[in-house]
Amino acid sequence: MQLDNRTLALIAVGASITANCQPCLEINVSTAQKCGADAQQIAEAIEIGKRVRQGAASKMDKFAASLNGAVPTAASPNNGECGCSS
């Protein structure tokens, strides 16, 4: 089973919100509209993206608070570091 273009575009709308990418959101909303998504469907995809983003941020906030000034060993260079600060 393959997802139709409208569904894929709505997923991309939610992912754009989660990624905090305004240009992506603008493009993906336009694509979703061209694929037949209505305003309510786009609003629902945006809401789901916001929930995912808030959940991830909440977990990161809890993790950061648990450090109490200590740096976890996983943050040392070449040991699981994500590369954001590179």
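D38 is partly exposed, with a relative accessible area of 40%. Here buried means under 20% relative accessible area, exposed means over 50%, and partly exposed lies in between, for a 1.4 Å probe and protein chains only. The model is predicted: local features need pLDDT of at least 70, side-chain atom pairs count only at pLDDT 80 or more, and totals for chains, interfaces and linings use all residues. Residues are numbered from 1 along each chain as its sequence is written, and side-chain values use heavy atoms, with hydrogens and water left out.

D38 is found in the loop between α2 (22-34) and α3 (39-67). Helices (H or I, at least four residues) and strands (E, at least two) are DSSP runs, numbered from the N terminus. A polar atom of the D38 side chain lies 3.1 Å from the backbone nitrogen of Q40. A polar contact is a pair of N or O atoms within 3.5 Å; within protein, one must be able to donate a hydrogen and the other to accept it, and residues adjacent in sequence count only if both atoms are side-chain atoms. D38 can also be placed relative to R6. The two residues are 32 residues apart along the chain, and their C-alpha atoms are separated by 9.9 Å.

The overall fold comes next. The protein has three helices and zero strands. Along the sequence, the pattern reads α-α-α. Buried residues make up 15% of the 86 residues. The accessible surface comes to about 6400 Å², and 57% of this surface belongs to carbon and sulfur atoms. These areas come from the Shrake-Rupley method with a 1.4 Å probe; for residues, only the protein chains shown count as cover. Contacts were also computed, a contact being heavy atoms within 4.5 Å. Of the contacts with a separation of 6 or more, 49% are between residues 24 or more positions apart.

Confidence is given by pLDDT, the predictor's confidence in each residue, from 0 to 100. The mean pLDDT of the protein is 86. A value of 70 or more is reached by 79% of the residues. Over residues 75-79, pLDDT stays under 50. For that stretch, the model has four contacts beyond four places in sequence.

In soluble globular proteins, nonpolar side chains tend to be buried together. A nonpolar core is a set of buried Ala, Val, Leu, Ile, Met, Phe, Trp, Tyr and Cys residues joined through side-chain atoms within 4.5 Å. The largest such core in this model has eight residues: A9, L10, V13, V29, A32, A37, I42 and A45. Helices α1, α2 and α3 are the elements that give two or more residues to this core. The largest share, three residues, comes from α1. Core residue A9 is in contact with N28, T31 and A32, leaving aside its neighbours within four places in sequence. V13 can be placed relative to I48. The C-alpha atoms of I48 and V13 are 9.5 Å apart, and the residues are 35 apart in sequence. I48 sits in helix α3. At 51% relative accessibility, I48 counts as exposed.

Helices α1 and α2 also meet through polar residues. S16 lies in helix α1 (residues 5-18). S16 is buried, with a relative accessible area of 5%. Not counting residues up to four places away in sequence, S16 touches C21, C24, L25 and N28. N28 belongs to helix α2. N28 is buried because its relative accessible area is 18%. With the same residues left out, N28 touches A9, A12, V13 and S16.

Two cysteines appear among the S16 contacts, C21 and C24. C21 is partly exposed, at a relative accessible area of 23%. C24 is partly exposed as well, at 34%. A disulfide is a pair of cysteine sulfur atoms within 2.5 Å. By this rule, the count is zero disulfides.

The loop between α1 and α2 holds N20. N20 is exposed, with a relative accessible area of 57%. Phi of N20 is near 55°, a positive value in a residue other than glycine.
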